[in-house]
Each structure stands twice: as structure tokens, then as C-alpha cells.
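Colleague: I'm new to this one and would like a close look at a single part. Could you pick one residue, walk me through its surroundings, and then show me how the rest fits around that?

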Amino acid sequence: MKHSFTIITEYINDDFRAMQAQPEDTEDVLSLLRETAEWLRSQGSSQWSALLKGEDSHDTAGAIRRGDVFVFKKEGDVAGMVILLQQPSAWDFELWGPKAHQADGALYLHRLAIRRKYARTGLGRDILGWSSSGIQFDNKHVMRLDCVGDNERLNEFYPRNGYTFVGKMNGYSTFEKPLQS
């Protein structure tokens with residue numbers, strides 16, 4: 001599936017280049033996700049733990065082939081990634097209910113992840129900002145995302161970065177933010 005988008009800001013956080021992930025990035029992206037899942041487990045969270053068992057509910061390899069994954073590289077190293085879906089996934093339909101539909105004008109942000117050696121550099125904040133203003137998709141005017149409802153850090157992080165809390169559903173918090181045009 002071809003996506004109509006324009007990357008407005010190619011470099012973020014001075015050193016990191018934003019680009020659409022390519023099939024040759026697949027193993028690096030999956031490695032980053034497993035590393036993040038390991039780190040989350042070390043912090044006492046079971047979030048993304050299925051990745052450690054080889055289960056990938058987001059079909060990351062397929063998402064890369066479809067053009068939904070964006071990576072942020074420093075000197076060729078995949079330092080971070082995000083999935084930006086132009087159509088809601090089954091998960092999004094469940095969480096967003098009737099607000100989620102094929103023509104809802106929303107982008108759905110999933111799996112924002114940072115390689116641990118780049119933690120605390122502001123890269124996560126910068127990827128989140130880039131996702132709403134550094135790239136433009138045709139006919140999209142709002143970004144939607146969710147996170148585990150009991151993760152205080154994330155539930156504080158998104159509002160600090162311009163997202164409005166919408167509500168809770170099935171133990172997850174939902175947030176949205178208007179996109180710049």
C-alpha cells in the first residue's frame with residue numbers, strides 16, 4: 001500500500017534522521033522492540049511482553065512492508081521508531097469505538113520506542129513531536145494514541161507534549177492531538 005505523505009523535517013534532535021523504514025531495517029526494528037520489551041520487564045511492566053515470546057500483535061514486518069513504520073537513525077543505527085497508521089487497527093476500533101472509522105481523519109500512533117543507549121536524550125519527545133508536525137499525511141487532522149492506564153510516566157508525558165486525555169477504555173488511556181497543516 002502506498003502512502004501519500006511528505007516528510008517536512010528530515011533531521012530531528014540535531015543528529016537523528018527520520019525516514020520511512022525499509023525491508024532491510026526489519027531486523028533492527030524488531031531488535032529495538034525486543035530491547036524495549038526487556039527494559040519494560042526490568043522496570044516491572046508486562047507491557048509488550050508478548051514480543052519476548054516472539055509474538056508481535058502489530059505485525060511489524062508487515063507494517064514495514066506497508067510503509068507504516070518510521071525509523072530515526074544516527075549514523076546508520078536505528079535509534080528509535082514509531083508506527084503511524086492511516087487507518088485504525090482492530091485495536092484502535094476497540095479503544096476508540098465509533099470515533100474510529102475509515103474516514104475519521106486520524107493517524108494512529110503505535111509502538112514509539114527508543115534504543116536504551118539513546119534514552120534521556122529527548123529523542124522520545126522529539127519523535128512524538130515529529131509525528132505530529134514533521135510529517136504530513138493527506139486528509140489527516142488528528143493524531144490518536146493510547147497507553148497502559150496505570151503507567152504514570154506515560155500518562156503525564158503525553159499531556160506535557162500537547163496531547164489531550166480523551167478517556168479510559170479497558171485499562172488503557174486514550175489521547176489525541178490536532179495535527180499541524
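Modeller: Let's go with Arg115, which touches Asp28, Ser31, Leu32, Glu35, Asp77, Val78 and Ala79, leaving aside residues up to four places away in sequence. Keep in mind that this is a predicted model. Arg115 sits in the loop between strand E6 (106-114) and helix H4 (123-133). Is Arg115 buried or exposed? Buried: its relative accessibility is 10%, and the cut-off for that label is under 20%. One of its neighbours also makes a polar contact: a polar side-chain atom of Arg115 lies 3.1 Å from the backbone oxygen of Asp28.

Now for the sheet. The strand just before that loop, E6, belongs to an open sheet of eight strands with mixed pairing, in the order E2-E3-E4-E5-E6-E8-E10-E9. E2 and strand E9 (164-169) are at the edges with a single partner strand each, so one side of each has no neighbour in the sheet.

Start from the E2 edge. Strand E2 (residues 11-12) runs antiparallel to strand E3 (residues 16-20), and two bridges join them. Ile12 has Phe16 in E3 as its bridge partner. These two strands make a hairpin with three residues between them, and in the turn Asn13 has a positive phi of about 50°. E3 also pairs with strand E4 (residues 69-74), again in the antiparallel sense, this time over four bridges. There, Arg17 stands opposite Lys73 in E4.

Helix H4, which follows the Arg115 loop, leads us to another helix. The buried residues of H5 pack against H4, strand E8 (142-148) and strand E10 (172-178). Which residues are those? In H5 (residues 152-160), they are Asn155, Phe157 and Tyr158. They lie on the same side of the helix, because they cover an arc of only 160° around its axis. Glu152, Arg153 and Arg160, on the other side of H5, are exposed.

The two ends of that helix are worth a glance too. At the start of H5, a side-chain oxygen of Asn151 comes within 3.2 Å of the backbone nitrogen of Arg153. After H5 comes Gly162, with a positive phi near 90°.

So, back to your residue: Arg115 is a buried residue in the loop between E6 and H4, and its side chain has a polar atom 3.1 Å from the backbone oxygen of Asp28.

Definitions and conventions. Residues numbered from 1 in each chain as written. Predicted model: local features only at pLDDT ≥ 70, side-chain atom pairs only at ≥ 80, totals over all residues. Heavy atoms only, no water. Pairing = 2+ DSSP bridges. Buried < 20%, exposed > 50% of the residue type's maximum accessible area, 1.4 Å probe, protein only. Polar contact = N/O pair within 3.5 Å; in protein donor to acceptor, adjacent residues only side chain to side chain. Contact = heavy atoms within 4.5 Å. Arc of directions from axis to C-beta.
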